[in-house]
Amino acid sequence: MDLGLKDRVAIVTGGSMGLGRAVARELARERARVVIAARNEQRLQRAAEELRRETGGNVLAVRADMTRADDIRALVEQAVDRWGGVDVAFANAGGPPGTRYESTSPEQVERAVELNLMSTVRLAQEVTPHMRQKGWGRFIALTSVSVKQPLPGLILSNTARAAVVGWVKTMATELAPHGITCNVVAPGYMHTGRVEDLAAERAEHEQRPLAEVLDEMGKRIPAGRMGNPEELAAVVAFLASERASYVTGTTIQVDGGYVQGLL
Ligand SMILES: NC(=O)c1ccc[n+]([C@@H]2O[C@H](COP(=O)([O-])OP(=O)(O)OC[C@H]3O[C@@H](n4cnc5c(N)ncnc54)[C@H](OP(=O)(O)O)[C@@H]3O)[C@@H](O)[C@H]2O)c1
């Protein structure tokens, strides 16, 4: 299937590692011009070089902290300066820490809202004027299966990410007449460095081999394993594509069957 992404300009935030990086790679393979953003400059530049080498594509690295409005504005400006517009935006950043209701402070909630909700809000409001100019755009926000089935011990993520769905769903309705689709992807357990670090902490705490903990995490999923970042990236590339022109306002989980709800 030709996804029609050649020469489209795509911004992928949180693009130096894990899920964001897999999305950037998939879009670059489809010959989109990709701008990746993250905070750690060295890791970001290294990722951009590797992506160029792996895909032969155009990849620009722009350092940006998604909790800073100025950084988001400058990121979009650089994409527009370099390639004349923005067609696709993938809103992604790190996750908030795991906490439980009784031990969660209002300040932690505010930080989670900045990290996951406000970063999405700000990126959306910076990119969509450029999409409206062209009458074409794809906005895709990363959340988690927690927006369909809240996860124990992750009250910050469960709360801030649910608001992202409300935001994107509303955007989708208002922007549909302008050729802009807005969707949410909700990954389950995907095998990234971050998940491996969390599993390693648990393995150490419980004095068990890492492989055993990872295996156990996989067995809780109907597919019997964790997902690969590439399996999320494939869905994002489709949502970003010309071919997904009539898909908007949806939240699609990519979770190997983990969520048990009907919708
Ligand atoms: N992996 C999973 O199974 C899974 C499942 C559901 C949801 N998620 C969520 O998906 C997101 C990505 O997860 P991942 O596993 O890919 O994590 P990861 O491997 O740790 O990658 C996170 C990426 O985001 C960047 N980042 C973090 N904070 C940022 C900020 N404030 N501004 C800009 N960039 C930032 C990181 O680079 P810098 O640190 O250099 O900024 C890195 O490039 C997280 O929100 C996570 O909670 C993951």
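Q: Which residues come nearest to the ligand, of the 29 around it?
A: A binding site can be read by listing its neighbours. In this predicted model, the ligand has 29 residues around it, and Ser16, Arg39, Ala93, Met190 and Thr192 come nearest. The shell divides into 12 nonpolar, 12 polar and five charged residues.

Q: Which atoms of Met17, Arg39 and Asn40 lie at short range from an oxygen atom of the ligand?
A: One looks for pairs of polar atoms and asks whether each belongs to the backbone or to a side chain. For Arg39, a polar side-chain atom is 2.8 Å from an oxygen atom of the ligand. Asn40 places a backbone N or O atom 2.9 Å from a ligand oxygen, and a polar backbone atom of Met17 is 3.2 Å from an oxygen of the ligand.

Q: How much of the ligand does the protein bury?
A: The area of the ligand alone is compared with what the protein covers. Taken alone, the ligand exposes 880 Å², of which the protein buries 92%. Helix 1 and helix 6 (193–206) are the elements that give two or more residues to the shell.

Q: Which residues have the most contacts inside the largest nonpolar core?
A: A core is read from its best-connected members. The largest nonpolar core has 34 residues, and Val12, Leu27, Val34, Ile36, Phe90, Val185 and Leu232 have the most contacts inside it. Elements that each supply at least two of its residues include strand 1 (9–13), helix 1 (18–29), strand 4 (88–91) and helix 8 (229–240). Another core, of 32 residues, lies apart from it, with Leu123, Ala124, Leu175 and Val184 among its members.

Q: Which residues does Phe90 touch, leaving out those up to four places away in sequence?
A: Setting aside sequence neighbours shows what folding brings together. Beyond that range, the contacts of Phe90 include Ile11, Val12, Leu123, Ile140, Val185 and Val236.

Q: Is Leu117 buried or exposed?
A: The relative accessible area decides this. Leu117, in helix 4 (residues 106–134), is buried because its relative accessible area is 15%, and the cut-off for buried is under 20%. Leu117 and Ala163 are 46 residues apart in sequence, yet their C-alpha atoms are 6.6 Å apart in space. Leu117 also touches Ala160, Val164 and Trp167, among others.

Q: Where are Asp7 and Arg31 found?
A: Backbone angles are read together with location. Asp7, in the segment before strand 1, has a positive phi near 70° although it is not glycine. Arg31, in the loop between helix 1 and strand 2, has a positive phi of about 75° and is not a glycine either. Asp7 is partly exposed, at 38% relative accessible area; Arg31 is partly exposed, at 41%.

Conventions:
Residues are numbered from 1 along each chain as its sequence is written. This is a predicted model: local features need pLDDT of at least 70, side-chain atom pairs count only at pLDDT 80 or more; totals for chains, interfaces and linings use all residues. Side-chain values use heavy atoms; hydrogens and water are left out. A nonpolar core is a set of buried Ala, Val, Leu, Ile, Met, Phe, Trp, Tyr and Cys residues joined through side-chain atoms within 4.5 Å. Buried means under 20% relative accessible area, exposed over 50%, partly exposed in between (1.4 Å probe, protein chains only). Helices (H or I, at least four residues) and strands (E, at least two) are DSSP runs, numbered from the N terminus. Contact means heavy atoms within 4.5 Å. A residue is near a molecule or strand if one of its heavy atoms lies within 4 Å of it. A polar contact is a pair of N or O atoms within 3.5 Å; within protein, one must be able to donate a hydrogen and the other to accept it, and residues adjacent in sequence count only if both atoms are side-chain atoms. Accessible areas come from the Shrake-Rupley method with a 1.4 Å probe; for residues, only the protein chains shown count as cover. Ala, Val, Leu, Ile, Met, Phe, Trp, Tyr, Cys and Pro count as nonpolar, Asp, Glu, Lys and Arg as charged, and the others, Gly among them, as polar.
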